[in-house]
Amino acid sequence: MKSLWKAVNQELANLTNAGQFKNIKNLTRPMGPVSAIEGIGEVIVLCSNDYLGLANDPEVVDAALACQKKWGAGTASVRFICGTFDYHRELEAAVAKLSGCEAATTYVSCWNANEAVLPTLMAAGGDSVMAISDELNHASIIDGIRLGRQINKQSKSKVYKHSDMDNLEALLKASSDIEYKLVVTDGVFSMEGDIADLARIVELCNEHDALLIVDDSHGVGVCGPTGKGVAEHCGVHGQIDCMTGTLGKALGGAAGGYIASSRKLIELMEQKSRPQLFSNAVPSATAGAATKAIEILTRDNKRVEKLRENVHYMREGLKSRGFETVEGPSAITPIILGETSKAIAASKRLLELGVFVIGFGYPVVPEGSARLRVQISAAHETEHLDRALEAFSQL
Ligand SMILES: Cc1ncc(COP(=O)(O)O)c(C=O)c1O
């Protein structure tokens, strides 16, 4: 047996022994407010990011099919070799407008978008560049910065305490000798459901000449009066230097990610970002679905308002049953239970009661703050939420 197989087996055994082995469920019906799990049956879904209920919306599915029928499956190459289709340009124009930016470009995931923009800018900064990041930022931001540090060994990075604006200001002041600074934050923090103080971050970045990157994967389609995201909620839509986000949550739920920014920054990404230079473009069906999802989002406010009502209803329902929840504009409500084993037991029990909600423990969240993460969709009807709340009562 080759020695590395031993390490593979050992890693898997370690996960099992630590109670961290993930048993991935097999869904037997499409994603929606209600789905079904093999061996379990029908469940109310409170763990998907399908915030606007568009993942299986007939208009979105038809748009995906029509786009694929017209254009074939995809480019069969990377864009700089074989070019861009109209559906990419249409999607990117819609993303730029939604983000309040001049231009946008797309990737097969937001993971790739973050691993494109951070290393490319850190490489461009030569011997005087620093990335400053919130400590609870998404893994793709953390890895993007790690990659940037490797690609440009002279680049630096710092982490500020979660949403601590004094700490961010202190780090910016302490790096006044650095020529190029960038600050990066999630819009909505995925495990807490809280949002970044973008109004203050914009102010600090302008004062200290730092370029601001906001990953609004969980905020776009959800936050702000018209669902344009956390920047709109904070009154700074159009003032963010660079937005990244996913098309795999509220905006159609398939896959894909984007960077929206100035035309020049987007040009640089198209010229130099490795996840675009060396990887295929967003496929036709995904682009068609996402473009339709943005059209539905911007056509009227119905889904955004319904989502907001549902979030309020669920939070009040949980509170009245003695659960502690957070307030705020996002669709994520963590219920802190403490120990990992408690969160896992609670999610197992809820599944038996027909509610699909995930327990997150260490190392995904800090030790002692294991939680259930409840996620609400505009597609939930009151009847679904009542059934879920009844299960929480029994829990
Ligand atoms: C804040 C944030 N950024 C990026 C991603 C990655 O998105 P994608 O699935 O498009 O790679 C996620 C997904 O979990 C996320 O929550």
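Ala, Val, Leu, Ile, Met, Phe, Trp, Tyr, Cys and Pro count here as nonpolar, Asp, Glu, Lys and Arg as charged, and the others, Gly among them, as polar. By those classes, the shell around the ligand holds two nonpolar, nine polar and two charged residues. This is a predicted model, where local features need pLDDT of at least 70, side-chain atom pairs count only at pLDDT 80 or more, and totals for chains, interfaces and linings use all residues. Residues are numbered from 1 along each chain as its sequence is written.

**Ligand surroundings**
- Of the 13 residues around the ligand (C-beta atom, placed from the backbone, within 6 Å of it), Ser109, Cys110, Trp111, His138 and Thr246 come nearest.

**The sheet**
- Seven strands (DSSP runs of E, at least two residues, numbered from the N terminus) form an open sheet in the order E3-E9-E8-E7-E6-E4-E5, with mixed pairing (at least two DSSP bridges between two strands).
- Strands E3 (103–107) and E5 (156–160) stand at the edges with a single partner strand each, so one side of each lacks a neighbour in the sheet.
- E6 (residues 180–186) and E7 (residues 210–215) pair in the parallel sense over six bridges.
- The bridge partner of Asp186 in E7 is Asp215.

**Around Leu385**
- Leu385 is found in helix H15 (residues 382–394); helices are DSSP runs of H or I, at least four residues.
- Leu385 is partly exposed because 19 other C-beta atoms lie within 10 Å (20 or more would be buried, 12 or fewer exposed, with C-beta atoms placed from the backbone).
- Leu385 and Asn17 are 368 residues apart in sequence and 35 Å apart in space, C-alpha to C-alpha.
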